[in-house]
Structure formats: structure tokens, C-alpha cells
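Trainee: I've got a model open and I'd like to practise reading it. Can we go through it piece by piece?

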Amino acid sequence: MALAEDHNLFESDATTSVPLADEAPVDTSYAGHAKHILDPGFHLTLRPMRYPVFYEMYRDAIKNTWTVEEIDFSDDLIDLDRKITPAERHLINRLVAFFATGDSIVSNNLVLNLYQHINAPEARMYLSRQLYEEALHVQFYLTLLDNYIPDVDEREQAFAAIDNIPSIAQKGDFLFKWMNSIGHLDQLRTRDHRRKFILNMICFAACIEGLFFYGAFAYVYFLRSKGLLNGLAAGTNWVFRDESAHMNFAFEVIETARVEEPELFDETMADSIRLMIEEAVDCEYAFAEDVLKEGVAGMSLRDMRQYLEFVADQRFSQLGLQPIFGSKNPFDFMELQDVQELANFFERTVSAYQVGVSGEVAFDEDF
Amino acid sequence: MTITESDRTGTETAGDGAASTMRVQKRDGRFEAVDLDKIVKAVQRCADGLSGVDPMRVATRTISGLSDGATTTELDELSIRTAAALIVSEPNYSRLAARLLSTFIDKEVQNQNVYSFSQSIELGHQQGLIGDRVLEFVHTHARKLNDAIDHEQNNLFEFFGLRTVYDRYLLRHPELRHVIETPQYFLMRVACGLSTSPEEAIGFYQLMSSLQYLPSSPTLFNSGTIHPQMSSCYLLDSPEDDLIAIYDRYTDVARLSKHAGGIGLAYHRVRSRGSLIRGTNGLSNGIIPWLKTLDSSVSAVNQGGKRKGAACVYLETWHADIEDFLELRDNTGDESRRAHNLNIANWVPDLFMERVEKDWQWSLFDPKKVPHLTDLFGDDFRRAYEEAEAQGLFERQIPARTLYSRMMRTLAQTGNGWMTWKDASNNKSNQTGQPGNVIHLSNLCTEILEVTSNDETAVCNLGSVNLGRLVRVADDGSRHFDFERLGEVVRTAVPYLDTVVDNNFYPTPEAAASNARWRPVGLGLMGLQDVFFQLGMPFDSEEARTLSTRISEEIYYWALSTSCDLSMKHGAHAAFGETKAAQGILQFDLWEGAQVSDVERWEMLKDRIRQHGLRNSLMIAIAPTATIASIAGCHECIEPQVSNLFKRETLSGEFLQINRYLVRELQTLGLWDDDMANAVKRAEGSIQNIAGIPEDLKLLYRTAWEVPMRSLIDMAAGRGAFIDQSQSLNLFMESPTIGKLSSMYVHAWKAGLKTTYYLRSRPATRINQATTGTQTRPGSPSPSPTPEPTPTKSFSDAETLACSLENPDACEACD
């Protein structure tokens with residue numbers, strides 16, 4: 001990530017620029033181009049490229065193309081049949097119910113709220129790619145649910161989770177609150193608009209992708225640490241890799257906005273972020289209470305709380321805010337996610353190989 | 001972290017308080033309050049003699065993960081996982097976890113009223129798992145065999161090894177699914193399946209339980225059972241260009257892979273796309289639809305629930321469908337022309353490599369028009385190819401470099417499309433001493449090279465010496481490699497490999513026919529990297545290469561010598577007269593410039609071989625050893641370490657592995673602590689950019705990504721002179737380009753290698769680290785506060801990136 005820890009968004013050189021009233025329109029003229037990334041409009045020129053970092057992110061994303069067809073769910077079905085305890089079954093049902101709609105919400109927000117306001121063609125290339133990846137994730141979870149829940153009625157129930165299951169509905173409410181906050185804006189003309197936009201982006205990067213999904217991944221990796229549901233874990237690995245990239249992109253946009261308009265990041269904004277992330281932690285904890293309510297050995301509710309706080313602290317650090325929980329990661333199996341893996345092709349397919357290789361035949365290069 | 005830190009910072013009750021209210025459910029269904037003391041004591045018993053481990057820490061962490069009403073089995077499992085997860089802070093936690101698991105397994109076995117080896121065999125026989133012969137053998141010698149069981153040997157296991165044994169190798173009750181043998185019973189069962197006297201069985205058991213040698217997985221799975229299919233590899237010639245022959249081959253493949261064999265299959269003889277089908281006056285769709293069917297067929301075969309079938313298809317470079325073939329593993333394009341489960345390999349003639357160098361055209365043929373090409377190699381092939389070309393029989397021509405570049409791209413994108421060389425493989429084989437004996441392909445892991453035809457399916461059974469256990473420390477503290485013991489291990493192991501040839505269950509008559517004629521075996525090695533770590537030799541050093549070559553020479557010498565002894569006892573293999581060894585030509589005679597360390601010794605052996613023959617036509621093959629190296633707790637075969645810190649993903653979950661040699665050295669220097677562990681983790685297992693680590697350690701503990709591949713190839717070529725089959729040589733390149741790859745594979749070809757295996761590269765982007773407390777990419781520049789965003793370096797840039805190696809594949813059939 002480009003946002004290093006020592007980098008504080010809120011102790012920037014904000015004081016050097018002339019303060020403007022928050023409601024006043026921002027000066028957006030700059031030699032015929034957008035001056036800031038959040039200036040309204042549809043900038044089309046790629047050369048000279050203003051933000052090559054986004055173009056590189058776009059290219060790297062393409063190298064990590066995967067398809068749902070590569071994932072083998074056959075062992076999962078055997079696990080579900082024979083190895084899962086009722087408490088774990090409940091956990092899995094809740095989890096897939098969350099996944100069923102989670103990525104669709106992200107896609108919608110991307111199209112309806114983010115794309116139009118990020119005014120750089122190279123960044124929009126990345127967003128287009130991200131949109132495809134979100135669709136891929138939706139396809140993955142669709143295929144997963146079709147496989148995991150053979151009963152048609154039960155399956156429809158799972159897809160309706162956002163309405164039916166209170167712990168998921170609560171997450172939904174939280175999301176829609178932030179989504180709708182800028183739904184009516186078609187241009188970010190004032191600082192207030194821009195702050196709202198940034199909060200929306202933080203909500204999606206830090207709370208949904210960076211907290212709700214991190215919570216969900218923890219359940220998946222917990223199961224895998226017990227050797228269960230390798231198909232789910234294989235797909236999740238790829239989803240996790242994509243989500244990491246999405247989050248990095250979003251933080252890079254926020255950082256770009258900060259560099260361009262430091263005055264956006266004031267104390268009020270910091271307070272809003274704190275409130276938002278705290279609320280997200282509570283939401284995800286309420287979900288955990290539901291998911292773990294039947295008691296799953298190796299994953300206590302208390303550890304889950306601590307894990308969520310730990311993850312939230314990381315998001316605070318990334319945003320240049322002081323961590324507020326001071327919690328350590330309690331899950332050994334999440335530490336495993338930070339480590340290179342070495343597996344066996346009898347068991348799982350390869351996710352490491354790159355798509356897109358360049359160059360010409362040569363005989364004297366170093367190797 | 002200390003124990004106190006592991007107390008929860010959260011709002012609820014901390015560690016001990018929770019314990020008093022928490023209950024566990026015992027095996028008989030009764031509930032009981034969790035007793036911290038009891039757990040601590042149980043852990044303490046297993047921690048005896050292990051430095052640096054803290055039983056209290058394991059116990060408190062275990063309890064914190066527990067939910068109310070968990071079963072005692074869940075509690076046991078949790079304590080094992082908890083101990084195993086602490087491996088980074090102190091590698092001895094791996095041993096502790098292994099011992100806890102060992103106790104757990106003992107309980108499970110005893111719960112079925114099995115208290116001795118012979119009882120385990122009896123129960124296995126009752127349940128229809130153990131064969132009659134072994135039951136009778138064990139029954140007759142019960143006391144001797146039971147007495148020989150040494151449970152202390154369990155202490156040699158690292159956690160991951162024992163976990164693997166428990167999850168996959170121990171025989172289970174068919175209905176209850178409980179294991180019915182302990183790890184030591186299991187090894188004794190394997191030994192008994194291959195022995196005719198208790199002395200033999202005990203000798204072999206002791207060799208295996210010392211972890212100095214292990215036979216391949218199929219032997220471990222199946223020896224002594226009712227289905228003693230103990231061979232690892234089957235190599236099937238291409239089906240004839242005929243519908244029935246193609247379908248018959250699917251059946252063969254299914255039969256052979258059912259019992260844990262890995263399949264190599266050639267497809268050189270099947271006509272290419274657009275070829276006329278006389279019977280129907282239609283045009284052929286070429287080989288791709290057939291391979292698609294093979295793909296489905298292979299993945300449908302589940303090897304006794306232990307793993308899925310696996311196969312590698314070989315295609316000659318002149319086959320007109322070669323370009324479609326190279327796209328089989330792509331994850332884009334027409335799904336009906338993709339085969340995600342098949343491995344693919346190129347069977348490349350020298351002529352092609354030469355034309356790549358010269359930048360000439362390459363002609364692609366329909367095998368229907370040139371059916372003889374696949375049965376020729378060397379100058380005969382060259383003449384026949386050029387003649388066919390001159391006659392204009394080719395379907396089309398393309399620049400050789402275009403095709404070569406396509407091959408390189410497939411390697412970079414999929415890791416697959418292995419480069420194996422037809423001429424080197426045939427010219428340097430003991431089996432090709434007479435015309436008509438031709439090697440048409442290698443196997444699933446590119447270490448087996450044996451003659452095939454329509455009547456002969458080549459078979460090989462494998463085993464590997466664990467070199468990592470053969471380094472000795474002298475009284476003065478100096479270390480040396482124990483060549484004497486190496487000789488003993490080889491002399492003990494070879495007769496068992498040979499016995500497998502006789503005792504094996506052959507699923508097809510073609511396989512039985514071939515094995516009777518050639519009796520090939522594949523003795524390999526593992527833990528070479530462990531030797532280098534123990535002796536302080538960097539992987540690319542001159543001394544490492546010399547030692548590696550010397551070890552392989554010694555293994556080859558004693559393997560041949562033992563095979564000659566066996567020949568004196570039981571007679572030479574039927575086709576001995578057709579081999580080069582019969583003419584006094586051994587492997588190193590076929591390698592340009594190869595030298596032996598003791599000429600006289602070899603001359604005497606050659607005389608002996610001429611006089612008494614050999615029991616086996618082939619002796620040596622270095623398999624990837626993925627799983628058996630895990631069991632033995634060493635690095636895989638001839639490979640440099642992939643990382644100082646990585647995890648293994650298997651059907652039984654994920655496990656952390658750390659380079660214990662490195663940790664010991666850093667502990668000695670007082671450098672190993674949480675910060676250092678986190679630094680290694682952040683750098684994804686590399687220590688090259690960590691401040692404070694001495695340069696000599698950095699040199700020694702490089703990873704496969706950091707060792708020059710040239711040295712790896714040259715080392716492989718050095719030992720190649722003593723490998724009569726081949727070696728599974730993986731090559732590693734973090735960010736491959738066509739230029740680098742084409743240079744590398746041309747060098748490998750020129751060095752005389754017969755085969756190469758996977759190309760391993762790393763993903764372009766990676767998952768954010770969740771727990772190291774920072775999201776900064778190692779080595780990446782901090783963001784600049786200037787108004788224009790600074791272009792940060794690309795994720796795929798080798799210098800800035802340390803991303804995760806995910807799922808490099810390895811063949812287990814060949815272990």
C-alpha cells in the first residue's frame with residue numbers, strides 16, 4: 001500500500017492553502033483539464049498520463065485473471081455431507097448468505113456513486129476492471145450457492161438474506177446509509193460534496209472490503225485451517241487477492257485527493273471516519289453473534305471481536321488516524337494468510353501464474 | 001508474546017476466569033468443567049526435553065478458542081493446532097504438536113481395542129483392508145514383529161509430517177473412519193508387505209522409521225493391503241490413430257490411476273485437425289476433443305478417496321496440433337478446447353532447438369502422413385524429418401522461434417507445458433541399446449524415462465533417500481556428509497524396490513509385460529537443501545555442486561552394485577541383453593565430459609555387470625517427493641528452499657513451515673525475536689533485505705527465487721551423469737519474460753538435461769498482509785507528498801515485489 005503508517009492524512013499541509021467556505025464551489029479550471037481528480041467532468045486524455053499508478057494497477061489486475069470454472073467444488077460437497085458439525089453448517093449458511101449479496105452491493109456503488117466522480121481515464125480503466133471482478137465474484141458466490149444449497153426454496157431464502165436475516169439486514173442498512181449519502185450528487189462541486197464522496201469511498205474500502213469481507217474471510221480460512229471446504233477457500237483466495245487490490249486502489253484515490261486538496265481532511269472528517277468504522281465493527285460483531293451462536297470450537301465470539309478490532313485498527317492506520325482499539329490478532333490461521341503457500345496439484349489448482357507475458361526470444365539474457 | 005499478552009484485551013472475562021465457567025463434553029457424553037491444570041499437564045508431558053516451548057502458553061490459548069460444550073476431541077484437536085501455530089516463535093513447537101498428535105492417534109487406535117501391531121493387522125484384515133499373505137506372515141511372527149515396534153521413533157516427526165501420515169496414510173476403519181494403525185504400525189505394515197522373513201521386515205521397518213529412506217506414496221498407501229498397487233508411474237504410448245484405440249486408452253488410464261498411479265500419456269500418433277477420415281469422408285477435429293474427454297475422465301477417477309487422478313500428455317513438437325495443444329491450460333478462450341486438469345509437456349527434438357537458434361522455419365506434420373517419425377530419434381529422426389519436409393508432406397510451416405516463443409508463454413502463464421528433450425532422453429538411456437526400443441515420453445513428473453510401445457506400458461516404483469539425515473557431527477564439532485551410511489541405505493533400499501516389481505498388482509497386461517522385461521526402479525533422493533544448510537554451503541557454490549555430484553555418483557554406484565548382486569541371486573532382467581549396460585556402457589559414459597571419482601572401482605563394477613547382468617534396467621530417478629519429504633521433515637528432492645517461511649495447504653488444512661536451520665542460527669546470534677519473525681514474514685520469507693543479518697547467512701539462506709537458475713541447471717547437469725532416468729527439475733522465475741525463459745531453456749538443453757518440470761512464477765498482485773501490522777510493500781518507496789502523484793513501481797516488478805507463491809504443484813504419485 002502506498003499509504004505508509006507514518007503518513008498522517010490529518011496533519012498535512014492543509015494550513016498553507018487559503019481556506020474556502022465549505023459550501024463554495026471549488027476552482028476546477030486547470031489549462032483546460034480537470035485540476036483535481038474529484039473535479040466534475042469526463043477527462044479523456046491518457047497522454048500525458050496524470051496518474052500512472054492507476055494504469056499500473058489496472059495492468060496488474062489483468063495479469064491476475066481467473067475464472068470460476070477453474071474451481072473444483074467436489075470436495076466441498078463431501079465435506080458438507082460428512083464432516084461438518086451443525087454449528088459449522090449454520091456458520092456456512094450465514095456466510096454464503098452474506099456473500100450472496102455483498103459483491104453486488106459493491107458493484108452497484110461502484111457504478112452509481114464512484115465511477116462518475118473519479119475524473120481520470122486511467123483510474124476509470126481500473127474501475128471498469130474492478131467492476132468485472134465484482135461480477136466474477138458474484139458469479140463465484142452464485143455458483144457456490146447453487147452447489148452448496150441444492151434445495152431451490154432454501155437457496156432463494158439465502159439470496160433474500162439481506163431482507164430476511166436480521167444480522168445481514170443490519171449490515172445492509174449500514175451500507176445503504178452511506179451509499180445514499182451521495183446518491184443525489186451528480187457533481188462534486190463543493191468541499192462538502194467531496195468529503196461526502198470520500199466518506200463513501202472509505203466506507204466501501206475500509207468497512208465493506210476492508211472489514212466485512214475480512215470478517216467473512218476469517219470464517220473461510222478458519223474452516224480451511226481445519227481442512228474443510230477447499231473449493232470455497234480456493235475461490236476465496238482469489239477473491240481476497242482481488243479485494244486487496246480494490247482496497248489499495250481506493251486508498252490510493254483517497255491519498256491522491258488528500259495530496260491535491262489537503263483541506264478536505266479536517267477534524268470533523270476524522271470524527272466521521274471514526275464513527276463510521278466503529279459502527280461497522282459493531283455491525284460485523286452483531287453478525288458474528290449470529291454466525292457463531294451455536295458455538296464453534298476454535299473460534300470464540302470474544303476472539304472474533306478482538307479480530308475485528310484489530311482489523312479496524314489497521315484501517316485507521318492506513319487512513320492516518322490513531323488506532324483506537326489496540327487489539328492484537330487472536331487468529332493464528334489469519335497469520336497463515338500472510339505467508340506464501342505451497343500446495344499440491346492433486347488437491348488444488350494453481351492461482352499464482354500470470355496472465356500476460358511479454359518479450360521476444362533471446363539467448364543471452366540473465367536467468 | 002508472553003502468556004500474559006495472550007490474555008484477551010477485550011471487555012469480557014480474561015483467560016482463567018473463562019475456564020471455570022466453560023464445560024467440555026467427554027467421549028461418554030458427560031459434561032465436565034474445563035480444567036486448565038489438566039490441559040497444562042497433558043501438554044507438559046509431551047514437552048519433555050524440548051527447549052523453548054511453554055506448555056502454559058499452549059494451554060491458555062487453547063482455552064481461549066474454546067466454546068462452551070465443546071467435545072474433548074475438539075479440545076485435543078484445538079491444542080494440537082494451537083501448538084503448531086506457535087512454530088514461528090520457536091520451531092520446537094512443531095515437535096510438541098507432533099507429540100500431542102501422536103498421543104491423540106494412540107488414543108484413537110486404542111479405542112478400537114488395538115494395543116499391538118499384530119492386533120492392528122488382524123483388525124485390518126477383518127475389515128477387508130489387509131491381504132491374506134500379510135496376515136499370515138504377521139500371525140506367524142507376531143512376537144518378533146510386535147517387539148520391534150519402537151514408538152520412540154515418533155519423536156523424529158515434525159508436526160506437518162505426522163499430520164500428513166495421520167490424515168492420509170494410516171489405514172482407517174471402513175465405516176467408523178477411525179485410524180486403526182499408529183504411525184509405527186503403519187511403517188511395519190509397509191515393511192511386511194515387502195518381506196519374506198521377520199528379519200527383513202524389521203530391517204526395512206527400522207530404515208523407514210529412522211526417516212533416512214521412504215518409499216513412494218503408492219507403496220506407503222498400498223503395501224500389505226488387498227490392492228498392493230505400489231508403483232508410482234505409468235507411461236503409456238500414444239494410442240494408434242483409430243477410434244477404438246483412443247477409447248481403449250481412456251480405459252487403461254482409468255484403470256491405472258484408480259490405485260494411486262500417476263499417468264504419462266503420449267498423443268503423437270493421433271491425426272491432426274483437418275486430416276481426412278476415410279471411413280466417413282469427414283475431416284478430423286484433431287487431438288483437442290480427445291484430450292478434453294481425457295481431462296474429464298481423469299478427474300472423475302478418485303484414487304480411493306485419497307486424491308484425484310492426474311495425468312500428463314506429451315506431444316512431439318512437429319505435430320500439427322501443437323499450437324492448440326499449448327492452449328489447453330489457458331483460462332480464457334473456448335472452454336470446449338480447454339483441459340484444466342491435464343498437465344501438458346513438449347517432447348522436443350534437437351532439430352527444433354537448432355532451428356530456433358538459427359531462426360529457421362519449422363514444419364508441422366499430420367502423423368497420419370508421417371507415422372514413422374515418433375519411433376525415431378537422433379540422426380534417424382533428423383533424416384526422416386528432413387525427407388518428409390523435402391517431399392512437402394507438412395501441413396504448414398511456421399518460424400521455429402514463433403513456436404518456441406509460444407511454448408515459453410505457456411510456461412510463464414500456466415507453469416505447464418514442460419520442456420522435455422526427446423534426443424537427450426533416448427540417446428542417454430540404458431534401454432535404447434537396440435533399434436526399435438524407443439522412449440516416447442516421460443511421466444507425470446518428468447523423472448521417468450522408459451521404453452514404451454503398444455504392447456508395453458512402462459511402470460516404475462520409486463523411493464527416496466533422505467540426505468538430510470546423513471550429516472554427522474564429529475567430536476570436534478565439524479560436520480561431514482556420511483557417505484558410508486549412504487551406501488548402506490542404498491544397499492538396503494534397492495532390494496525392496498526390486499521386490500515391488502514382483503509383488504505389485506498390475507492393472508493392465510501391458511504394464512505387467514513391460515515390468516517383467518525391464519524391471520526398472522527409481523531410487524531418488526530428498527533433503528539435498530538440508531545437507532547444504534547443515535554444512536553451510538550456498539546452493540550455487542562450487543563445493544555444493546561437487547558434493548551433489550558426488551552423492552549422486554555414490555547412489556548410482558551402490559544401486560547398480562546391489563542390482564548386480566540381485567541378478568546373481570535371481571537372474572538378470574529379461575531384456576538385459578538389449579541394454580547398453582550389457583555392452584559395458586553406463587550413464588556417465590553417455591555424458592560428454594563426465595568424470596567418475598574412482599575409475600578403478602567403476603571398471604570392476606562394469607566387469608561384474610558384464611558377467612552377472614543386472615536385475616534392473618534402470619536404477620535412478622529423482623522424483624519431486626512432495627509428500628514424503630513432508631513426512632520425513634526435509635526439503636523436497638534436489639530443490640532449493642522456496643522460502644524461509646511458508647505455509648502448506650493440503651486436504652487437511654493449512655500449516656505454517658519455518659526454516660528451522662535459519663531460526664537456530666539466528667537464535668545463536670541472539671537475533672530471533674517477534675520483530676525478526678515479522679520482518680521475515682513481511683518479506684514473504686526472504687531475508688535478503690533484513691538489516692542485521694550477517695552476509696554469510698543471507699547467502700546461505702537464499703530462496704529458490706534468489707538463487708541463479710543457471711547454477712541450478714548446471715548442478716542438475718552435473719548429477720545427470722549418474723541418473724539413468726531423469727530428475728524432476730523445477731525452475732523458478734519471479735517475473736518471467738520470453739527473453740529470459742528462452743535463454744534459460746536453451747541453456748538447459750545445451751547442458752544436456754533430458755527433462756525439466758514446472759516453471760514456477762509468482763502472482764502479479766497479492767493479498768494484503770492481514771496481521772503483520774503494516775500494509776507497506778517491502779522495498780516500495782513511501783508515497784511522495786508532491787502534488788502530482790508519483791508513479792509507484794509496478795506490482796509485477798521483481799525488485800519491489802515480494803508476493804505470495806501460491807500452489808506450486810508437485811506430483812505425489814512419484815514421491
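Trainee: Let's start with α1(A) and α4(A): is their crossing left-handed or right-handed?

Mentor: Keep in mind that this is a predicted model. Helix α1 covers residues 52-63 of chain A and helix α4 covers residues 121-148, and their axes come within 7 Å. The crossing of α1(A) and α4(A) is left-handed.

Trainee: And are α1(A) and α4(A) roughly parallel or roughly antiparallel to each other?

Mentor: Look at the angle: the axes of α1 and α4 in chain A cross at roughly 25°. Angles under 35 degrees count as roughly parallel. So the word for α1(A) and α4(A) is roughly parallel.

Trainee: How many nonpolar residues are in the contact of α1(A) with α4(A)?

Mentor: On the α1(A) side you'll find, among them, A:Phe54, A:Tyr55 and A:Met57. The α4(A) side includes A:Ala123, A:Arg129 and A:Glu133. By class, the contact has three charged residues, no polar ones, and a nonpolar count of nine.

Trainee: Now A:Pro323. Is it buried, exposed or partly exposed?

Mentor: A:Pro323 sits in the loop between α11 (301-318) and α12 (332-335) of chain A. Setting aside neighbours within four places in sequence, A:Pro323 is in contact with A:Asp313, A:Phe316 and A:Ser317. To be buried, a residue needs 20 or more other C-beta atoms within 10 Å, and 12 or fewer would make it exposed. A:Pro323 has 16 such neighbours, so it counts as partly exposed.

Trainee: Over to chain B. Which residue of β15(B) is the bridge partner of B:Trp347?

Mentor: Strand β12 (residues 343-348) of chain B pairs with β15(B) in the parallel sense, over four bridges. Both faces of β15(B) are covered: B:Trp418 and B:Thr420 are buried on one side, B:Met419 and B:Trp421 on the other. The β15(B) partner of B:Trp347 is B:Thr420.

Trainee: Which strands stand at the edges of the open sheet of three strands in chain B?

Mentor: Read the order of that sheet, β2-β1-β3, which has mixed pairing. An edge strand here has a single partner strand, so one of its sides is left without a neighbour in the sheet. In chain B, the edge strands are β2 (31-33) and β3 (70-71).

Trainee: Last one: which residue in β3(B) does B:Gln25 stand opposite?

Mentor: Strand β1 of chain B runs over residues 23-25. β1 and β3 of chain B pair in the parallel sense over two bridges. Opposite B:Gln25, in β3(B), stands B:Thr71.

Methods
Residues are numbered from 1 along each chain as its sequence is written. Chains are lettered from A and ligands numbered from 1 in the order in which they are written. This is a predicted model: local features need pLDDT of at least 70, side-chain atom pairs count only at pLDDT 80 or more; totals for chains, interfaces and linings use all residues. Axes are lines fitted to C-alpha atoms, for helices over the stretch in contact, and angles run from 0 to 180 degrees between N-to-C directions. Angles under 35 degrees count as roughly parallel, over 145 as roughly antiparallel, 65 to 115 as roughly perpendicular and the rest as oblique. A crossing is left-handed if the near helix is turned anticlockwise from the far one by less than a right angle, and right-handed if clockwise. Two residues are in contact if their C-beta atoms, placed from the backbone, lie within 7 Å. Ala, Val, Leu, Ile, Met, Phe, Trp, Tyr, Cys and Pro count as nonpolar, Asp, Glu, Lys and Arg as charged, and the others, Gly among them, as polar. Two strands pair if DSSP finds at least two bridges between them.
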